[in-house]
Amino acid sequence: MKKFTVIASLLYLGTMLYAEAAKEIALPPPDLKSGKPFMQCVAERRSKRKFSTKALPMQTIGEILYVADGVSSKDGRKTVPTARNKQNQSVYVFTADGVYLYNSRKHALELVKKGDFRKLCGKQPFHKKAPLVLVFVSDMKAVGSTPEEQAMYAGNHSGSASQNVYLYAASQGLSTVVCGLLDRNTLKKLLNLKADQMVIYSQPVAYPAM
């Protein structure tokens with residue numbers, strides 16, 4: 001009986017440790033030598049709205065997030081510019097399994113909420129199909145002294161990030177599009193954002209539908 005109790009306890013402990021580990025998913029480092037030549041990516045960059053439900057490899061997911069908001073230098077600067085290097089932008093990742101926050105310092109996904117909430121990322125039906133949907137969030141008070149400046153900088157930062165994702169998609173033969181038609185208040189509640197944080201827009205990424 002004691003032996004059974006010990007085994008059961010060990011199994012329970014292992015399950016708990018796995019559950020804790022699943023709250024953070026380490027991403028593989030980006031392959032900086034992959035993809036098509038830059039000018040070819042610029043020429044092939046397009047908004048594409050037909051998505052396959054096929055899962056994306058973790059390598060690809062990691063590289064998408066790296067180009068969107070990754071740390072690219074030893075002094076902590078990122079792959080996208082931000083005003084006065086305030087780095088006021090956050091990138092949330094929606095999948096069929098849950099919602100995650102991209103931790104650029106660790107290059108990892110941090111679990112925010114379990115469950116499939118992709119349909120909340122936009123009013124177009126393709127959001128529910130794309131295996132990966134990015135949601136760009138800006139801390140509005142971190143940059144700009146007026147609402148006009150804050151809106152300008154937030155849009156500029158998210159625009160730079162989404163363009164990087166567009167170019168990566170062109171490089172890897174993926175489909176993506178930026179979407180501004182979404183319920184920002186619902187997403188704000190779901191993500192438990194602070195008062196000064198604002199959802200800018202979403203960007204689904206997927207293999208193209210055949």
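Here is a short chat about salt bridges, cysteines and one leucine in a predicted model.

Visitor: How many salt bridges turn up when the whole structure is searched?
Guide: The search finds six. Let's walk through some of them.

Visitor: What makes K106 and E24 a salt bridge?
Guide: Their closest N and O atoms are 3.3 Å apart. The cut-off is a Lys or Arg side-chain nitrogen within 4 Å of an Asp or Glu carboxyl oxygen, so the pair qualifies.

Visitor: Where do K106 and E24 sit in the chain?
Guide: K106 is in the loop between β3 (98-103) and β4 (108-114), while E24 belongs to strand β1 (residues 24-26). They are 82 residues apart, so this pair links distant parts of the chain.

Visitor: Why is K106 called exposed?
Guide: Its relative accessible area is 51%, and exposed means over 50%, so K106 makes the cut. E24 has 35%; that lies between the 20% and 50% limits, so E24 is called partly exposed.

Visitor: How do you know that R118 and D116 form a salt bridge?
Guide: Their side chains meet at 2.9 Å, N to O. That is within 4 Å, so the name fits.

Visitor: Is R118 buried or exposed?
Guide: Buried: R118 has 10% relative accessibility, and the limit for buried is under 20%. Its partner D116 has 39%, so D116 counts as partly exposed.

Visitor: What about R77 and D75?
Guide: Those two side chains meet in a salt bridge as well, at 3.4 Å, N to O. R77 is partly exposed at 44%, whereas D75, at 56%, is exposed.

Visitor: Why can such side chains pair at all?
Guide: Side chains of opposite charge can do so when their charged atoms come close.

Visitor: How many disulfides does the search find?
Guide: Zero. Take C179: the nearest cysteine sulfur, that of C121, is 9.5 Å away. A disulfide needs two sulfurs within 2.5 Å, so C179 is in none.

Visitor: Why is C179 called buried?
Guide: Its relative accessibility is 2%, which is under 20%, so buried is the right word. C41, with 4%, is buried too.

Visitor: What makes L27 buried?
Guide: L27 has a relative accessible area of 8%, under the 20% limit, so it counts as buried. L27 is placed in the loop between β1 and α2 (38-44).

Visitor: Which residues is L27 in contact with, leaving aside neighbours within four places in sequence?
Guide: Among them are M58, I61, L65, Y102 and L109. L27 and Y102 are 75 residues apart in sequence, yet their C-alpha atoms are 9.8 Å apart in space.

Note on methods:
Residues numbered from 1 in each chain as written. Predicted model: local features only at pLDDT ≥ 70, side-chain atom pairs only at ≥ 80, totals over all residues. Heavy atoms only, no water. Helix = DSSP H or I, 4+ residues; strand = E, 2+ residues; numbered from the N terminus. Buried < 20%, exposed > 50% of the residue type's maximum accessible area, 1.4 Å probe, protein only. Contact = heavy atoms within 4.5 Å.
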